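Visitor: Please show me the structure, and then let us go through its aromatic pairs and a helix.

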Amino acid sequence: MKKFIIISFYLIFIASSTIAENTESSANNLFHIGQMNSHNKNFALFFKTRDKAILARGEDYNYVTDFPQDLYIYNYETKISSPLISYEWFPSQAKHLLEGYDYPVFPEDFAYYLLKDNNTLVMISAIKNIRKNFKFDIAKKKLNSYPSNGKFNFIISSIAKNCGHSDLKENYKCNYYKPLISNNLIN
């Protein structure tokens, strides 16, 4: 009887750990969590935790963000990483583009879709009550509003689809993109 109980307990333990692994791997299939390589493998985008907490004014109350994260870029050729979208400049730039939204926005509040040109990040609001999305040019380090009537199609919250002809000689094809999200969005 003891052997039966021990074997049953062991089988339940193995089954529960397998289910947990499948859940984690399915999340990785839908998102790049914390880090994403470029399509041409020349650089990586990753979130890095800031050293200091940030006190911010929220919609209902003030709050402290204990471990805010900035988006960094790592160049594989030069082996140098540098901040790409950081809290130092992002909230003030975003405020100019967000009409009627008076609360701070953090770089980690967005899902980042890196397009095939390896230069354009489409930023989709993930947690705040923002009705506008952004486009970020990596080379120029310029933030702009992303037009809501653009040809980039968001089919579900985690995968984006871009279809069309890249030139006259190409066939019609669709590219699917997984977003880069911060660990803080899923915790």
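**Aromatic pairs and packing**

Guide: By the ring rule, there are nine aromatic pairs. Rings of Phe, Tyr and Trp (its six-membered ring) pair if their centres lie within 6.5 Å; planes under 30 degrees apart count as stacked, over 60 as edge-to-face and the rest as tilted. This is a predicted model: local features need pLDDT of at least 70, side-chain atom pairs count only at pLDDT 80 or more, and totals for chains, interfaces and linings use all residues. Residues are numbered from 1 along each chain as its sequence is written, and side-chain values use heavy atoms, with hydrogens and water left out.

Visitor: What is the angle between the planes of Tyr 74 and Tyr 76?
Guide: Tyr 74 and Tyr 76 form an aromatic pair, 5.4 Å centre to centre. The pair is edge-to-face, and the angle is 80 degrees.

Visitor: How many residues apart are Phe 90 and Phe 110?
Guide: Phe 90 and Phe 110 form an edge-to-face pair, 5.7 Å centre to centre with 85 degrees between the planes. Phe 90 is in helix H2 and Phe 110 in strand S8 (helices, H or I, of at least four residues and strands, E, of at least two are DSSP runs, numbered from the N terminus). The pair links distant parts of the chain, and the separation is 20 residues.

Visitor: Is Phe 90 buried or exposed?
Guide: Buried means under 20% relative accessible area, exposed over 50%, partly exposed in between (1.4 Å probe, protein chains only). Phe 90 has 0% relative accessibility, so Phe 90 counts as buried.
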